[in-house]
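Please report on the side-chain contacts and the strand packing in this model. Cover the nonpolar cores, the aromatic pairs, the charged pairs and the disulfide.

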Amino acid sequence: WSARHVLVVPREAGVDGLVYRVHWGKPASSRGFRLPVEAYETRTSLRFPLRDRAVALATHELADHHRGDPAQWFAYDFVGTDDQGAFLRDTKGENASYVGWGMEVVAPADGVVVDTRNDMADNTRPMVVPTPEELAAYGGGRRAIGGNFVLIDHGGGEFSYLAHFQKGSVRVAKGDAVKGGQVLGKLGNSGNSGAPHLHYHLQSCAEPLACVGLPSRFDGLGVIHVEGRHRYSPARGVYLVP
């Protein structure tokens, strides 16, 4: 008998093991044993995947809206901002009203592109999410949820998934070798997206949104009001300086 569990437990909780007690047979017999818990550390040296400033609106927090999907357990949503931290240029309610609309998205590390999508139209306006029927027109399923996306194999069982690019902006194709910092495309509002933003997560397989997500930390990332640059998993509402 063997067991392997993937758990989402805050590091500060200090959980270092799971205790099991198995009962069987008549008359009942039982045995107790303990399995250690190992914390996952990001292996790939990741840089922040945007060239410009942003605010983190979804992060690794347990209450985050991504938690319903194991592939997105450790997903981020980044919204571009200006130097003052504003994410809107105007109040017209258009995609172009967002500072991040069209920001350059960059590869977080060296790797090989294993999958992309570049043909999905951007949603007409912020807060207008595509219907299931509209997603079905693009094949539906996990390849449509992220809109236009790039999936990169970094080696060591770690893959970066970047989603919601502008239609036609993705500059790389399956099989391309990329370098960290290389421009992949432009931040958009395609797929299951409520506003122009970049969805990023690290995962453990070469299929989009098809396996357990992995914790990720970015090297050399600056945080407004915190001096220096650190290896960091951003918290919700924190303003980030690449």
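What follows goes from the core outward to the charged pairs and then to the disulfide. The model is predicted.

**Nonpolar cores**

The largest nonpolar core has 31 residues. Within it, Leu50, Phe78 and Leu184 touch the most other members. Several strands supply two or more residues each: β3 (54–58), β4 (76–80), β7, β8, β11 (198–203) and β13 (218–223). Another core lies apart from this one and has eight residues. Leu151, Phe159, Tyr161 and Leu209 are among them.

**Strand β4**

How many of the residues of β4 are buried? Five of the five are, so the strand is largely enclosed by the rest of the structure. In a regular strand, side chains alternate between the two faces of the sheet. Both faces of β4 are covered. Tyr76, Phe78 and Gly80 lie on one side, Asp77 and Val79 on the other, and all are buried.

Two strands can be named as partners of β4. β3 pairs with β4 in the antiparallel sense, over four bridges. In that pairing, Ala58 stands opposite Asp77. β11 also runs antiparallel to β4, and three bridges join them. Here Phe78 of β4 faces a residue of β11: Phe78 stands opposite Leu198. Phe78 is also one of the residues that touch the most other members of the largest core.

**Aromatic contacts**

A search of the whole structure gives nine aromatic pairs. One of them is Phe149 with Tyr161. The ring centres are 5.6 Å apart and the planes meet at 35 degrees, so the pair is tilted. The cut-offs explain the label: planes under 30 degrees apart count as stacked, and those over 60 as edge-to-face. This pair links distant parts of the chain, with the two positions 12 residues apart in numbering. Phe149 sits in strand β7 (residues 148–155) and Tyr161 in strand β8 (residues 158–165). Are these two residues buried or exposed? Phe149 is buried, at 0% relative accessibility. Tyr161 is buried too, with a relative accessible area of 1%. Tyr161 is also a member of the eight-residue core.

Phe48, Tyr76, Phe78, Tyr200 and Phe218 form one aromatic cluster. Tyr76 and Phe78 of this cluster share one side of β4. A charge also meets a ring in this model: the charged end of Arg67 sits over the ring of Phe74, 5.2 Å from its centre.

**Salt bridges**

Side chains of opposite charge can pair when their charged atoms come close. The count of salt bridges comes to 12. Three of them are set out below.

| Pair | Closest N to O | Relative accessible area |
|---|---|---|
| Arg51 and Glu104 | 2.6 Å | Arg51 42%, Glu104 25% |
| Asp119 and Arg117 | 2.7 Å | Asp119 40%, Arg117 10% |
| Arg231 and Asp219 | 2.9 Å | Arg231 30%, Asp219 26% |

Where do Arg51 and Glu104 lie along the chain? Arg51 is in the loop between β2 (29–36) and β3, while Glu104 is in strand β5 (residues 104–106). They are 53 residues apart, and the pair links distant parts of the chain. Arg51 is partly exposed, and so is Glu104.

In the pair of Asp119 and Arg117, the two partners fall into separate classes. Asp119 is partly exposed, whereas Arg117 counts as buried.

Arg231 and Asp219 also link distant parts of the chain, 12 residues apart. Arg231 lies in strand β14 (residues 226–232) and Asp219 in strand β13. Arg231 counts as partly exposed. Asp219 counts as partly exposed as well. Salt bridges that share partners join Arg51, Glu104 and Arg171 into one network.

**Disulfide**

A disulfide is a covalent bond between the sulfur atoms of two cysteines. The count here is one. Cys205 is joined to Cys211, with an S to S distance of 2.2 Å. Why is this disulfide left-handed? The torsion about its S-S bond is about -95 degrees, so the disulfide is left-handed. Cys205 is buried, with a relative accessible area of 18%. Buried means under 20%, so Cys205 meets the cut-off. Cys211 counts as buried at 14% relative accessibility.

Conventions
Residues are numbered from 1 along each chain as its sequence is written. This is a predicted model: local features need pLDDT of at least 70, side-chain atom pairs count only at pLDDT 80 or more; totals for chains, interfaces and linings use all residues. Side-chain values use heavy atoms; hydrogens and water are left out. Rings of Phe, Tyr and Trp (its six-membered ring) pair if their centres lie within 6.5 Å; planes under 30 degrees apart count as stacked, over 60 as edge-to-face and the rest as tilted. Buried means under 20% relative accessible area, exposed over 50%, partly exposed in between (1.4 Å probe, protein chains only). A charge sits over a ring if NZ of Lys or CZ of Arg is within 6 Å of the ring centre and within 35 degrees of the ring normal. A nonpolar core is a set of buried Ala, Val, Leu, Ile, Met, Phe, Trp, Tyr and Cys residues joined through side-chain atoms within 4.5 Å. Two strands pair if DSSP finds at least two bridges between them. A salt bridge is a side-chain nitrogen of Lys or Arg within 4 Å of a carboxyl oxygen of Asp or Glu. A disulfide is a pair of cysteine sulfur atoms within 2.5 Å.
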